Amino acid sequence: MHSSNPLDNQNSSSNPSAGPPNDGQPVSSSPVFGSSPGPWHTGLFDCFDDLPNCLITYYCPCVTFGQIAEIVDQGTRSRATSAVIFGVLHHFCLCNGGCLYSCCYRTKLRNQYALVGSRYADCCVHCCCLSCALSQEYRELKKQGFDMTIGMEYFTSLSLSLSLSHAHHICTNIRRI
């Protein structure tokens with residue numbers, strides 16, 4: 001399992017005004033529970049602010065959901081596992097299971113970063129405008145300082161190593177013939 005780490009390159013040693021390294025914590029600290037809620041960094045319909053994520057979220061929302069869930073769950077569940085659970089619920093449940101599942105993560109995210117909203121609003125946003133909601137959550141985590149691409153590097157290297165292992169297995173079996 002690989003959890004997403006915050007951006008480490010924002011505090012580089014080449015920039016003396018950058019301050020001390022962030023030691024694995026998000027660039028902006030999360031508010032204490034119970035503090036008054038603040039606004040989201042981007043609007044619900046600002047999807048085109050991050051066009052690659054907008055397209056990925058529209059065509060395959062399970063990818064974006066997995067990235068969000070891994071960070072919100074603080075790495076206790078991998079993005080792949082969360083994406084599969086969401087995908088199964090989203091595509092095979094007649095009662096909008098994916099939306100109901102993902103709205104719980106919006107509520108967790110709001111609570112962790114003291115953002116305005118309510119459980120009812122979270123549910124409505126996810127059921128009526130899932131792609132916009134997931135895109136907003138993704139952008140919010142980026143604004144909080146998380147590097148959303150780290151997991152993709154992990155899966156790319158994992159896929160490559162599995163492919164090489166599979167190719168080695170095939171070559172070994174051909175030699176036996």
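Is phenylalanine 65 buried or exposed, and what is its relative accessible area? Select it and take a look: phenylalanine 65 is buried, with a relative accessible area of 0%. Keep in mind as you click around that this is a predicted model.

**Stop one: across the chain.** Keep phenylalanine 65 on screen and add tyrosine 105. The two rings make an edge-to-face aromatic pair, with 5.1 Å from centre to centre and 90° between the planes. Now colour by helix: phenylalanine 65 belongs to helix 2 (residues 61–72) and tyrosine 105 to helix 4 (residues 97–112), so this pair links distant parts of the chain, 40 residues apart. Tyrosine 105 is buried because its relative accessible area is 4%, and buried means under 20%.

**Stop two: along helix 4.** Leave tyrosine 105 selected and bring in tyrosine 101. Here is another edge-to-face pair, at 5.5 Å centre to centre and 70° between the planes. These tyrosines, 101 and 105, sit 4 residues apart in helix 4, which means about one helical turn separates them. Both tyrosine 101 and tyrosine 105 are buried.

**Stop three: the cluster.** Add Phe86 to your selection. Together, Phe65, Phe86, Tyr101 and Tyr105 form one aromatic cluster. Searching the whole structure turns up 5 aromatic pairs.

**Last stop: a charge over a ring.** Go back to tyrosine 105 and show lysine 108. What sits over the ring of tyrosine 105? The charged end of lysine 108 does, 4.4 Å from the ring centre.

Conventions
Residues numbered from 1 in each chain as written. Predicted model: local features only at pLDDT ≥ 70, side-chain atom pairs only at ≥ 80, totals over all residues. Heavy atoms only, no water. Phe/Tyr/Trp six-rings, centres within 6.5 Å; stacked < 30°, edge-to-face > 60°. Helix = DSSP H or I, 4+ residues; strand = E, 2+ residues; numbered from the N terminus. Buried < 20%, exposed > 50% of the residue type's maximum accessible area, 1.4 Å probe, protein only. Lys NZ or Arg CZ within 6 Å of the ring centre and 35° of its normal.
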